[in-house]
Amino acid sequence: MNIEEIKELNLWPNNKKTTTNKGLDELENSGYKLFYIGKNADLYTTSGKEAKILLVRSDRTSVFDIPLNLEIEGKGIIQTSISNFGAKFANNFGIKTAILDEKVDSNLKVFPRCQMMELCKPLEATIDGELVQFELIFRNYLTGSLFQALQDNLDPYGLNLPKDLKEWHKFDNAIFTPTTKGLKDEPLKSADVREVFPEIIEKLENLFKSFTKFAEERGIIVVDTKFEVFVEEDGTWVLGDEILTPESSRFIPKEEFLKGNFVSMDKQILRDFGKKENWKEQSKSLKAGEKLEVNVPQEIKDKILNGYKTILERLSK
């Protein structure tokens, strides 16, 4: 199915620009055609008439939704392995994902970076009179934007949390903090989204709880995670490609967490470095298609890659 056919089925958002650039020779020669270059992954159409695409992760790295000239060698392969693990964990829990069992030829060099994906429509519903798409977020600990909101006497999710909670307070039960999905993620009232999707929220809540226990037994503290839900033609809901991974979750080594070191094993190290280097301000001058030129010490790259390796090793043992 080519990109025009995909667009006709409303399976590709109008705000994402496609490319006419040629992809990797070994994929193009095998019938896959590059149509989208993302910040960290590329997408190819496939032969046949099924609504599916090939996702190929690169070693490109970005933070704050800023395209960077930065690559961390080996990250794409490890990310793909973690994503496959997360999908398998969800499947074993009885939750379907958009990741297909079908594989590309294992003789291809790019094979370890590839996932065949089913194309589905995003989950949508009308909330407060507005049609929105969702990011469904569960949190075990009070930190980040939610902690800041509490400090500012705000209650963006309608949770009525006590005002005197300290940062890194552990909730007795994971809390649900949904947002819209778009250029800017806007908080939604938790109870409103639960009322619209009670079965989905309950299943994801139980999945998150089960994974939290599983990960802690293997030396990983799961701070929070984000699920993106899609809908197949027959109405069946599925999860996307980043399920319980460092791209959708915050993981901290248990031994570090117990010592009060709350730096997660993902791109948080790069985010902290980017804040010091003022990347957000620098990125304001970027033109469409441009990448921010950054100089990241090898030590930072190694820490990030080692974090991904540690996650995969601990979850897989």
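**Exercise 1. In this predicted model, find the residue in strand 10 that stands opposite F138, then work out which strands pair with strand 7.**

Step 1. Go to F138 and look across to strand 10: the residue opposite is T225. Another facing pair joins these strands too, with I137 standing opposite K226.

Step 2. Now ask how the two strands run. Strand 7 and strand 10 are antiparallel, and four bridges hold the pairing. If you wonder what such pairing rests on, strands of a sheet pair through backbone hydrogen bonds, either parallel or antiparallel.

Step 3. Move on to strand 6, which covers residues 124-127 and pairs with strand 7 in the antiparallel sense over four bridges. Here T126 faces L131 of strand 7. These two strands make a hairpin with two residues between them, and in it D128 has a positive phi near 55°.

Step 4. Strand 8 (residues 170-176) is another antiparallel partner of strand 7, with three bridges. Look for Y141 here: its bridge partner in strand 8 is K170.

Step 5. Last comes strand 9, residues 179-180, which pairs antiparallel with strand 7 over two bridges. In this pairing E135 has T179 as its bridge partner.

**Exercise 2. Decide how many residues of strand 7 and of strand 10 are buried, and find what pairs with strand 10 besides strand 7.**

Step 1. You need one cut-off: a residue is buried when its relative accessible area is under 20%.

Step 2. Apply the cut-off to strand 7, and nine of its twelve residues turn out to be buried. For strand 10 the count is seven of eight. Both strands are mostly covered.

Step 3. Next, find the other neighbour of strand 10. Strand 13 (residues 249-253) runs antiparallel to strand 10, and five bridges join the two. To see one facing pair, look at D224, which stands opposite R250 in strand 13.

**Exercise 3. Is K52 buried or exposed, and which residues does K52 touch?**

Step 1. Place the residue: K52 belongs to strand 3, residues 52-57.

Step 2. Check its accessibility. K52 counts as buried because its relative accessibility is 8%.

Step 3. See what surrounds it. Leaving out residues up to four places away in sequence, K52 touches T46, L100, E102, M116, M117, E118 and L119.

**Exercise 4. Work out the strand order of the open sheet that has three strands, and say which helix lies across strand 11 and strand 12.**

Step 1. Write down the order: 5-11-12, with antiparallel pairing.

Step 2. Pick out the edges. Strand 5 (121-122) and strand 12 (237-239) each pair on one side only, so they are the edge strands.

Step 3. Zoom in on strand 11, residues 229-231, which pairs with strand 12 over three bridges. Within that pairing, V231 stands opposite W237.

Step 4. Add the helix. Helix 6 lies across strand 11 and strand 12, and it runs at about 30° to strand 12.

**Exercise 5. How many cavities of 30 Å³ or more are there, and what lines the largest and the second largest?**

Step 1. Start with the idea: rolling a probe the size of a water molecule over the atoms shows where empty space is left. The count here is three cavities of 30 Å³ or more.

Step 2. Take the largest cavity, with a volume of about 50 Å³. L146, A149, L150, L154, D155, P156, N160, L161 and K163 line it. Sort that lining by class and you get six nonpolar, one polar and two charged residues.

Step 3. The second largest cavity has a volume of about 40 Å³. Its lining includes Y141 and K170, and you've met those two as bridge partners.

Step 4. Ask where this second lining comes from. Strand 7, helix 6 and strand 10 each supply at least two residues, and strand 10 gives the most, with three. By class, the lining has four nonpolar, two polar and two charged residues.

**Exercise 6. Describe the lining of the second largest pocket.**

Step 1. Get the volume: about 350 Å³ for the second largest pocket.

Step 2. Of the 16 residues that line this pocket, L11, A51, L119, E232 and E233 are the closest to its centre.

Step 3. Sort the lining by class: eight residues are nonpolar, eight are charged and none is polar.

Definitions and conventions. Residues numbered from 1 in each chain as written. Predicted model: local features only at pLDDT ≥ 70, side-chain atom pairs only at ≥ 80, totals over all residues. Heavy atoms only, no water. 1 Å grid on protein atoms, 1.4 Å probe; cavity = no way out; pocket = protein on both sides within 12 Å on 5 of 7 lines; lining within 4 Å. Points joined across faces, edges and corners; volume = space filled by probe spheres on them. Nonpolar A, V, L, I, M, F, W, Y, C, P; charged D, E, K, R; others polar. Contact = heavy atoms within 4.5 Å. Axes fitted to C-alpha atoms, helices over the stretch in contact; angles between N-to-C directions. Buried < 20%, exposed > 50% of the residue type's maximum accessible area, 1.4 Å probe, protein only.
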